[in-house]
Amino acid sequence: MAEIKINSITKTYANVAAVREVSLTIEDGEFMVLLGPSGCGKTTLLRLIAGFEVPDEGSVSIGGKDVTDVPPGRRDIAMVFQSYALFPHLRVLDNIAFGLRMHKVPKANIGPRVRKAAEMMDIEPFLQRYPSQLSGGQRQRVAVARALVMEPSVILMDEPLSNLDALLRLQMRAELKRLLQEVKTTTVYVTHDQVEALSMGDRTAVMRDGAVLQCAAPMEVYDRPAHAFVAEFIGSPPMNLLPGVISDGNSVKVGDNQFHMDQTEGFGPGDQVRVGIRAENIEVLAQPATGALEASVRVVEPLGSHLLLTLALGEHAVKAITRTDFPARPGTRVWVRLLAEHLRLLGKGKGKGEGTEVAVTA
Ligand code: ATP
């Protein structure tokens, strides 16, 4: 049982609040991704879990035991770093075996455990080589094998794929996911890459300015962002944010169109709000239709499987997706239908930008 409980933890450097009152529970065997822009406090939070940093306030427990004052070496964790951090003067085999030897694991057990980890990471042919004789991808595999071999309660990974080229990242992403599902070790994975966060984690905690804005399953974060920042940070393209006005009852007006919302709690009639909608939930029509708003095409980006259109909708730029055979050129008049069940209320304000209010979803 290696549940991680982070209880109202704060860490300040000089006058920078790197982590601010974060509370998070990572369940036993869960793959949690910490996602956010540079400087939002992801690495600091990971280092607080690892014990490399001591919190100013709050506590961390692993497997039901308070480890706030326990040094990293006694927390039963293993870390994988972006820089691999392999010992250059040791062969791959000795790099992987290093931690076991430090922990005085009986010699007879070391060989089989190293071989098993090497097999899992598909690096058996390289065991006699030095790190300098490996490619970046192979080095990263060694770094992961070195963590796995310890059979820790928790694996912490800090941007482990950032140094790899795009194709290798794609392969390693799927492979790491498969591997961690297999070993079922509680994992915390730091990244600023939203594709990694969406595709790999059981849950994603989106951070900004030292705080966790939303922690939920990837599709929930994507589909029902709890904050305008999350809506714009996750997804490519980001979620469109349009200005709307709450009308009486459970409805919102966008342009001349009135949309029913299941929930408008926290908002009152006349409130100006931001209404979020994903590009794939905007239907683009070549002809006028009931309930469709007129727009004009600004940019057409063919992306292989679909076209990404940038549309001028009144004074707003809106991204929408269409089939590749849709007759769109810059300047073409089109009509767009916002699919009401996919509209999200994202705080008070007028369209794009920051907001602090908690979202209400349709
Ligand atoms: P990145 O993706 O760029 O690694 P991050 O989200 O991991 O960023 P952190 O490294 O946790 O962010 O840093 C959070 C904030 O704390 C930043 O403003 C950073 O400058 C500051 N910070 C981190 N470590 C220290 C330190 N040792 N001394 C002073 N400030 C620090």
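Helices (H or I, at least four residues) and strands (E, at least two) are here DSSP runs, numbered from the N terminus. The model is predicted, and local features need pLDDT of at least 70, side-chain atom pairs count only at pLDDT 80 or more, and totals for chains, interfaces and linings use all residues. Residues are numbered from 1 along each chain as its sequence is written, and side-chain values use heavy atoms, with hydrogens and water left out.

The ligand is a convenient place to start. Around the ligand stand Tyr13, Val16, Ala18, Pro37, Ser38, Gly39, Cys40, Gly41, Lys42, Thr43, Thr44 and Glu159, where a residue is near a molecule if one of its heavy atoms lies within 4 Å of it. Strand 2 (16–26) and helix 1 (42–50) each supply at least two residues of this shell, and helix 1 gives the largest share, three residues. By character the shell divides into five nonpolar, five polar and two charged residues, on a scheme in which Ala, Val, Leu, Ile, Met, Phe, Trp, Tyr, Cys and Pro count as nonpolar, Asp, Glu, Lys and Arg as charged, and the others, Gly among them, as polar.

Three side chains place an N or O atom at a short listed distance from a ligand oxygen atom: the separation is 2.6 Å for serine 38, 2.9 Å for lysine 42 and 2.5 Å for threonine 44. On its own the ligand has 630 Å² of accessible area, of which the protein covers 58%; such areas come from the Shrake-Rupley method with a 1.4 Å probe.

Strand 2 also holds a backbone feature, for glutamate 21 is placed in this strand and has a positive phi of about 45° although it is not a glycine. A second such feature is the cis peptide bond from serine 236 to proline 237, with omega near 5°, and proline 237 lies in the loop between helix 8 (228–233) and strand 11 (240–247). Most residues other than glycine have a negative phi, and most peptide bonds are trans.

The helix packing comes next. Two packed helices are described by the angle between their axes and the distance between the axes; here the axes are lines fitted to C-alpha atoms over the stretch in contact, and angles run from 0 to 180 degrees between N-to-C directions. The axes of helix 2 (residues 92–102) and helix 3 (residues 107–120) come within 10 Å and cross at roughly 130°, and these two helices are therefore oblique to each other, given that angles under 35 degrees count as roughly parallel, over 145 as roughly antiparallel, 65 to 115 as roughly perpendicular and the rest as oblique.

With helix 4 (residues 136–148), the axis of helix 2 comes within 8 Å and crosses at roughly 30°, which means that helix 2 is roughly parallel to helix 4. Helix 4 in turn packs with helix 5 (residues 166–183) at an angle of about 15°, their axes 12 Å apart, so helix 4 is roughly parallel to helix 5.

Key: Polar contact = N/O pair within 3.5 Å; in protein donor to acceptor, adjacent residues only side chain to side chain.
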